[in-house]
2 protein chains.
Amino acid sequence: MTYCVGILVRDGLVMISDTRTNAGLDNIATYRKLHVFERPGDRVVAIATSGNLAITQSVVTLVTEGFEDAETGETETIYSVPSMFRAAQLVGRAIREVYRVDGRALEQSAASFDVTMLVAGQIKGGRLRLFMVYRAGNFIEATEDTPYLQIGEHKYGKPILDRAATFETNLDDALKLGLLSMDSTIRSNLSVGLPIDTLMVRRDALQSALRHRIGSDDAYFADLRQRWSRALRDAHQAIPTPPYGQA
Amino acid sequence: MTYCVGILVRDGLVMISDTRTNAGLDNIATYRKLHVFERPGDRVVAIATSGNLAITQSVVTLVTEGFEDAETGETETIYSVPSMFRAAQLVGRAIREVYRVDGRALEQSAASFDVTMLVAGQIKGGRLRLFMVYRAGNFIEATEDTPYLQIGEHKYGKPILDRAATFETNLDDALKLGLLSMDSTIRSNLSVGLPIDTLMVRRDALQSALRHRIGSDDAYFADLRQRWSRALRDAHQAIPTPPYGQA
């Protein structure tokens, strides 16, 4: 499986993704699932992928190679789309194209056509936006009310986001919250694992403020995990004993 | 959906269950899912149910009315089984009987035969035990290594248990942890809701130490939720800012 989360706040955007893929428990590998397309001053666009790796790799290749526009004859790629909305449409189009080519054969071998993606970033002249693109190629967008979107194994890491992530959360806190959400997922689900890829983009900067891979030797992440565990333990111990049925 | 958790510790057993059932988002009701069969000094047996309500109600009725033993002609019920192992077998047998009667018709109307149960407690002369019975009627048992079992919407509430629940956790803390696990689930999933039924059994007491329903007016649970939220907020704020890419 996979766990990726995107958090859109007033100050910017954070994207966090694990890198574990598996075809059964006995076939585990590491693949980048957070792809960043950046041209400072013009655009920074991230695509985070979950689902069948053959599909997601094809989609990433297609949006990089692009599609020819039937009218103008020009090729549209993730580096040439004029807006984030068009970027999300391009990813949706690529998913539909992979389905057209591979969908039936996958279904015939009892494999499902399984793919969901986050598409986020900012392109010059437009807003910073965060989308989730479904397997049908359609998509939704994060808003101030619901500033985060998750794909993959999303349930373990949702409670901390539901409690703490708002549009007013500052960017560093958003990164911390995303890492805590990832930590909860990694602890409870073997199919999600280190290293973790992170991206931070400040609103209107049109370039990444951070692109960093967190491995098992990362001192900050190890410290964050330890502090969080200790804080949770202290927190539940500080809660009074249930008064029910006390003699 | 449903969320029920059973935690087996050195001192005893805690069972916690929500009460929400739904047939679509527009048809929500309250049903008890934690059933306690108690005869102080002889036995205290709890059955927590998840899945299709028609099936789970039938199973609970069948274990209460009992099955006739072909050899002895005697009727075996949840009140007469001589051990917890036999109690789990009885529940498994009841599930198979409901499947025999209703399974095919359910599948024909595109409804799945969906049921999982926790069976836990102690019967005079035997140990305190906690089982999870699957839809096939087979079952597994909690152990000192893995002292808790969950049914229903288990992912949201698993991280806190993974971090903190061990066989050496004391009974009051086990109840607190179970309530925190329930709180996380209720916050993130609409299909799980108050009131919450709880049961606490001390090892070898052969009677319940607590049978309590927590409603929306419960001051302790409201305080627990508030303290937990505040503690989580404080905890993540106390974690240092990520050092990555600091200029």
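A pocket is an open set of grid points where a 1.4 Å probe fits, with protein on both sides within 12 Å along at least five of seven lines. The structure discussed here is a predicted model, and this report treats its pockets before turning to the interface of its chains.

**Pockets**

The largest pocket encloses about 560 Å³ of space. It is lined by 28 residues, and those closest to its centre are Met1(B), Thr2(B), Ser50(B), Gly51(B) and Asn52(B). Five elements of chain B each give two or more residues to this lining: strands E3 (20-22), E4 (28-30), E6 (43-51) and E12 (148-152), together with helix H1 (53-65). The greatest contribution, four residues, is that of H1(B).

For the second largest pocket, the volume is about 290 Å³. Its lining consists of 17 residues, of which Thr21(A), Asn22(A), Gly51(A), Asn52(A) and Leu53(A) lie closest to the centre. Here the elements giving two or more residues belong to chain A, namely strands E3 (20-22), E4 (28-30) and E6 (43-51) and helix H1 (53-65).

The table sets out the residue classes of the two linings.

| Lining | Nonpolar | Polar | Charged |
|---|---|---|---|
| Largest pocket | eight residues | 15 residues | five residues |
| Second largest pocket | five residues | nine residues | three residues |

**The interface of chain A and chain B**

The size of an interface is often given as the accessible area lost when the parts come together. Between chain A and chain B, about 3900 Å² is buried, and carbon and sulfur atoms give 65% of this area. In chain A, the residues that lose the most area to chain B are Arg163(A), His236(A) and Tyr244(A), which together account for 22% of what that side buries. In terms of contacts, 43 residues of chain A meet 43 residues of chain B.

Which residue forms a salt bridge with Lys155(B)? The partner is Glu153(A), and the closest N and O atoms of the pair are 3.1 Å apart. In total, four salt bridges are found across the interface. In addition, 16 residue pairs are counted in polar contact between the two chains, with both residues of each pair at pLDDT 80 or more.

The side of chain A that touches chain B receives two or more residues from each of helix H3 (158-164), helix H4 (171-188), strand E14 (208-214) and helix H5 (219-238). H5(A) supplies the largest share, 13 residues. Sorted by class, this side of chain A has 23 nonpolar, eight polar and 12 charged residues.

Terms used. Residues are numbered from 1 along each chain as its sequence is written. Chains are lettered from A and ligands numbered from 1 in the order in which they are written. This is a predicted model: local features need pLDDT of at least 70, side-chain atom pairs count only at pLDDT 80 or more; totals for chains, interfaces and linings use all residues. Side-chain values use heavy atoms; hydrogens and water are left out. Contact means heavy atoms within 4.5 Å. Buried area is the accessible area (1.4 Å probe) that two parts lose on being put together, summed over both. A salt bridge is a side-chain nitrogen of Lys or Arg within 4 Å of a carboxyl oxygen of Asp or Glu. A polar contact is a pair of N or O atoms within 3.5 Å; within protein, one must be able to donate a hydrogen and the other to accept it, and residues adjacent in sequence count only if both atoms are side-chain atoms. Ala, Val, Leu, Ile, Met, Phe, Trp, Tyr, Cys and Pro count as nonpolar, Asp, Glu, Lys and Arg as charged, and the others, Gly among them, as polar. On a 1 Å grid over the protein atoms alone, a cavity is a set of points where a 1.4 Å probe fits but cannot get out, and a pocket is an open set with protein on both sides within 12 Å along at least five of seven lines; lining residues have an atom within 4 Å of a point. Grid points are joined across faces, edges and corners, and a volume is the space filled by probe spheres set on the points.
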